[in-house]
Amino acid sequence: MIICIGAGPGDVAYLTQRGAELIRNADVVAGFDAVINVVQSLIPATAQTVLMNYRDQTEQLAKVAIEHHAGKNCVVVFMGDIHFSGFQYLERVERACGHPVETVPGISSAQILASRAKVCFDETTFITFHRRGDLTPFKQHLVHVLQDQRNAIVIPCPWDEARSFMPRHIAAYLLEQGISPDHPTEVWENLTRSEAEWHGTLADCATQEFSDMSIMLIRTRCPMSSQIEPQWSRYRMQAETNQHFGIVIAGHGSRDADGIREFEQLVELVRERAPQHQVSHGYLEFASPTIDQAIAAQLNADAKQIVMVPGILLAATHAKNDLPSELLTSAREHPDVDFHFGAPMGLHPLLLQVVQQRIVEAE
């Protein structure tokens, strides 16, 4: 028997239970030095260990194949997951054995990176340069991925200087191909850590040196908006059981009539999206109705739960002090009503996406 298993991204804690069981019961365990070091604690004392490197892998795999055909339980251990970046090594194993072999998947460094960086594979393309042969088609594919406004997770090529295609080389190549230098870029070198080793822009990355054990994330400049149902649907569901729910949109106010009209357009959009609720609005100064009048409109409509949402961009003094003070006064005067205060928009990811989109549109 011979089985190839993925050992995860350099930490035995990420090895699957099935993979660990196979190693513990193996007569022969084979793999590159760095991978064997990861699983060393699981290899039985009676097992033969076959170590190899890029130069002698063909010769060493031939030894493993002999043991396999002699009836030994052989396990060849791959870093990460076999089918993310170890397929050429798998081909060498099968060539040595003379037949297809069974594989057990592992956790790839790309999966760990996606988890750490919170990117979705639906919106992300994985590309590895950790391969023999011509890299040109894969370089071109990476350009197209970024042009299509997708994230890219990239495994560099850390081999000899003539073939090396590390993060700085990748960044330089992309810049030469006309890719924007402003793409947010991260390079992770130890994926069992909780934070990226480095983050900056694609242009910054072109001047940085990284170790052989690195993986790269190039983020799209135009991330997709959320595809789940809008939060208003929660309010609609709540309205079915609570008909006394009111929303107060609280603005600062302005002497500019155009500014007031635009704010009132926002209020109308809220009303359209929350048709089963009483929606009112008020201003702190310079315009009417006031905040007090907006709350009074809710109370006159017999609201038993009132949510005040600041129509203010950032959490300055008005959102931190003035509006909560107005709400607290009303809560004291009406203890039978449940008052809640929402947060200002602040540095919300969706707002940052809009800002980023505006920047791109202005270029």
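How many salt bridges does the count come to?

## Overall count

In this predicted model, the count comes to 8 salt bridges. Three of the pairs are described below, among them one whose partners both lie in helix α5. Side chains of opposite charge can pair when their charged atoms come close.

## K72 and E67

K72 is joined to E67 by a salt bridge in which the closest N and O atoms are 3.2 Å apart. The two partners fall into separate accessibility classes: E67 is buried, with a relative accessible area of 19%, and it counts as buried because that value is under 20%, whereas K72, with a relative accessible area of 34%, is partly exposed.

## E91 and R95 in helix α5

A salt bridge also links E91 with R95, and here the closest N and O atoms are 3.4 Å apart. Both residues belong to helix α5, which covers residues 87–97, and they are 4 residues apart, or about one turn of the helix.

With regard to accessibility, E91 is partly exposed at a relative value of 44%, while R95 reaches 62% and counts as exposed, because the class of exposed residues is set at over 50%.

## D302 and K304

The side chains of D302 and K304 form a further salt bridge, with an N to O distance of 3.4 Å. On the side of the acidic partner, D302 has a relative accessibility of 37% and is therefore partly exposed; for the basic partner, K304, the relative accessibility is 37%, which likewise places K304 among the partly exposed residues.

Definitions and conventions. Residues numbered from 1 in each chain as written. Predicted model: local features only at pLDDT ≥ 70, side-chain atom pairs only at ≥ 80, totals over all residues. Heavy atoms only, no water. Salt bridge = Lys/Arg side-chain N within 4 Å of Asp/Glu carboxyl O. Buried < 20%, exposed > 50% of the residue type's maximum accessible area, 1.4 Å probe, protein only. Helix = DSSP H or I, 4+ residues; strand = E, 2+ residues; numbered from the N terminus.
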